[in-house]
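The following report describes selected local features of the structure shown here, beginning with one residue and then turning to a sheet.

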Amino acid sequence: MFYDMGFYLNGWRYLEAAPADIPGVWQWGTERRDVNSTTNGIGNGKRNTQIIVELLKEARETMKATQVADAYEYNGFSDWFLPSKDELNQMYINLKVGGLGGFQSGSYWSSSENTSFGLNPPFCQKFSNGEQSQAHKDTSLLVRPIRQF
């Protein structure tokens, strides 16, 4: 667990990171299409993931970061998703900085697009130093799913 909202809202209070990365590196997908409806805040990764998965299905794209996070199953749970920009940052602050979670030092995908910067590149975060930036959607980066409960 890496985040406690302090109260239950919309059926959840806590955010939990999967115990390990999904093996390999993954493209975000939809390079030629903007999603235009993802948001950055804590609590938005699940909705972002649902929107992106539907768009990827329509575009007939497979094996993208959001899809592998959405399909992830662990310990009887199948409600995992790709974290939003702010959720990803909380994972970095509350787990990686404290030496928890077994994170790599590479960059991890978020489910949030930067809608104020050209072709809506998605945000990512370097877990070597915490820097958040954007990357082209066809870049292959790490994926760590999360879930709400």
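Gln67 is buried, with a relative accessible area of 17%, where buried means under 20% relative accessible area, exposed over 50% and partly exposed in between (1.4 Å probe, protein chains only). This is a predicted model, in which local features need pLDDT of at least 70 and side-chain atom pairs count only at pLDDT 80 or more, while totals for chains, interfaces and linings use all residues. Residues are numbered from 1 along each chain as its sequence is written, and side-chain values use heavy atoms, with hydrogens and water left out.

Gln67 belongs to helix α2 (residues 65-71); helices (H or I, at least four residues) and strands (E, at least two) are DSSP runs, numbered from the N terminus. Its side chain reaches the backbone nitrogen of Met63 at 3.0 Å. When neighbours within four places in sequence are left aside, Gln67 is in contact (heavy atoms within 4.5 Å) with Val53, Leu56, Lys57, Glu61 and Thr62.

An open sheet of three strands follows the order β1-β2-β8 with antiparallel pairing, two strands being paired if DSSP finds at least two bridges between them. The edge strands, each pairing on one side only, are listed below.

| Edge strand | Residues |
|---|---|
| β1 | 3-9 |
| β8 | 146-148 |

From one strand to the next, the twist averages 25°. Strand β2 (residues 12-17) is joined to β8 by three bridges, the two running antiparallel, and Leu15 has Gln148 in β8 as its bridge partner. Helix α3 (residues 85-96) lies across β1, β2 and β8 and runs at about 70° to β2, with axes taken as lines fitted to C-alpha atoms, for helices over the stretch in contact, and angles running from 0 to 180 degrees between N-to-C directions.

Terms used
Polar contact = N/O pair within 3.5 Å; in protein donor to acceptor, adjacent residues only side chain to side chain.
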